[in-house]
Amino acid sequence: MKNRADSVKIRTLKQVSGLTWDPMNLAIGDDAQLRRGILDLWTDGAGWVLGHAMDGLLWGRIAAGQLVLACDADATWGACLKSTTLLDLRIFNRRRELRIWRTDGTLQCFLVSESQIDSPSLAYDEPQILIAGKRRDFLDANGVRFSLIEGPSGQRQAIPVDWDGTRQFQRLWVRHYVSPGDESGMLTVAESRLMDIAPVNDTEE
């Protein structure tokens, strides 16, 4: 069995020194227009979807040019994508992340990717626990399978992975970017981005 030192590795990224934030213009109107606007901005193929709304958690996938959420098949599992209730949303893969969040009543949108400059920096990838609960059933929405999870306090979420309900191999992978503090020089996490949902042994690049 792998220990934490095997799965979390500090590395020097010779072509990375943090993240580049590119502002994007997101079309916001009715709910259908919001969904089309997100798909227009995400041009990087398949991606995971994770977000929060006023009425719950959003999990989903972008696959085959579609943005698929659990509520597309069953509105009782997870929040739906609505311009009036969306608080934040992240679409991500190993290359980049599209971040959307609400501020002052409007939705801000940035495409986040690794900076392509020469000075090296440090980063490490952390596998975070993805599932805390028991699988109750499966749900299929537009070709995407969701595992329906119920937590110990009755909280429910539909995660877009095919989990058999036994051993929890899947992890939410987050890349942390480390830089020295201005005064102390101590290394601290300056920024992070979501990367993938995958087992520990499937993330080596």
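I'll start with strand S11, residues 144–150, where five of the seven residues are buried, so the strand is largely enclosed by the rest of the structure. Keep in mind throughout that this is a predicted model.

What sits on either side of S11? The strand is part of an open sheet of three strands in the order S10-S11-S12, with antiparallel pairing. S10 and S12 stand at the edges with a single partner strand each, so each has one side without a neighbour in the sheet. From one strand to the next, the twist averages 25°.

Take the S10 side of that sheet. Strand S10 covers residues 134–141 and is joined to S11 by seven bridges, the two running antiparallel. One pair to look at is Asp137, whose bridge partner in S11 is Leu148. S10 and S11 make a hairpin with two residues between the strands, and Asn142 takes a positive phi there, near 50°.

Now the S12 side. Strand S12 is residues 156–159, and four bridges join S11 to it, again antiparallel. Leu148, which we just met as the partner of Asp137, stands opposite Ala158 in S12. Ser147 stands opposite Ile159 in S12. This hairpin has five residues between S11 and S12, and Gly154 in the turn has a positive phi of about 95°.

As general background, strands of a sheet pair through backbone hydrogen bonds, either parallel or antiparallel.

Stepping back to the whole chain: there are two helices and 14 strands. Of the 205 residues, 43% count as buried. If you take the contacts between residues at least 6 apart in sequence, 62% of them join residues at least 24 apart.

Next, the seven-strand sheet. This one is open too, in the order S2-S8-S7-S6-S3-S4-S5, and the pairing is antiparallel. At its edges stand S2, residues 19–23, and S5, residues 66–69; each has a single partner strand, so one side of each is left without a neighbour in the sheet. Neighbouring strands here are turned by 20° against each other on average, ignoring direction.

Within that sheet, I'll pick out S3, residues 47–53, and S6, residues 86–92. Six bridges join these two strands, which run antiparallel. Ala53 has Leu86 in S6 as its bridge partner.

What lies across this sheet? Helix H2, residues 31–41, lies across S4, S5, S6, S7 and S8, and runs at about 125° to S5. For reference on your screen, S4 is 56–63, S7 is 96–103 and S8 is 106–114.

Which residues of H2 are buried? They are Leu34, Gly37, Ile38 and Leu41. These residues cover an arc of only 100° around the axis, which puts them on the same side of H2. The general rule behind such spacing is that an α-helix has 3.6 residues a turn, so residues three or four places apart point the same way. The buried residues of H2 pack against S5, S6, S7 and S8.

At the N-terminal end of H2 there is a cap. Asp30 provides it, with a side-chain oxygen 3.3 Å from the backbone nitrogen of Ala32.

Now a pair of charged residues. Asp125 lies in strand S9, residues 121–129, and Arg175 is found in strand S13, residues 170–180. Are they buried or exposed? The cut-off for buried is under 20% relative accessible area. Asp125 has 6% relative accessibility and therefore counts as buried. Arg175 is at 3%, so Arg175 counts as buried as well. Their side chains make a polar contact of 2.7 Å.

Asp125 also has a C-alpha separation worth listing. Its C-alpha atom is 6.5 Å from that of Trp173, although the two residues are 48 apart along the chain.

Last, the cysteines, since someone usually asks. How many disulfides does the model contain? The count is zero. As for two cysteines in the chain, Cys80 counts as partly exposed because its relative accessibility is 22%, while Cys109 counts as buried because its value is 3%.

To recap: S11 is largely enclosed, H2 lies across strands of the seven-strand sheet with its buried residues on the same side, and Asp125 and Arg175 are joined by a side-chain polar contact. That's all from me.

Methods:
Residues are numbered from 1 along each chain as its sequence is written. This is a predicted model: local features need pLDDT of at least 70, side-chain atom pairs count only at pLDDT 80 or more; totals for chains, interfaces and linings use all residues. Side-chain values use heavy atoms; hydrogens and water are left out. Buried means under 20% relative accessible area, exposed over 50%, partly exposed in between (1.4 Å probe, protein chains only). Two strands pair if DSSP finds at least two bridges between them. A disulfide is a pair of cysteine sulfur atoms within 2.5 Å. Axes are lines fitted to C-alpha atoms, for helices over the stretch in contact, and angles run from 0 to 180 degrees between N-to-C directions. Contact means heavy atoms within 4.5 Å. A polar contact is a pair of N or O atoms within 3.5 Å; within protein, one must be able to donate a hydrogen and the other to accept it, and residues adjacent in sequence count only if both atoms are side-chain atoms. The arc is that of the directions from the helix axis to the C-beta atoms.
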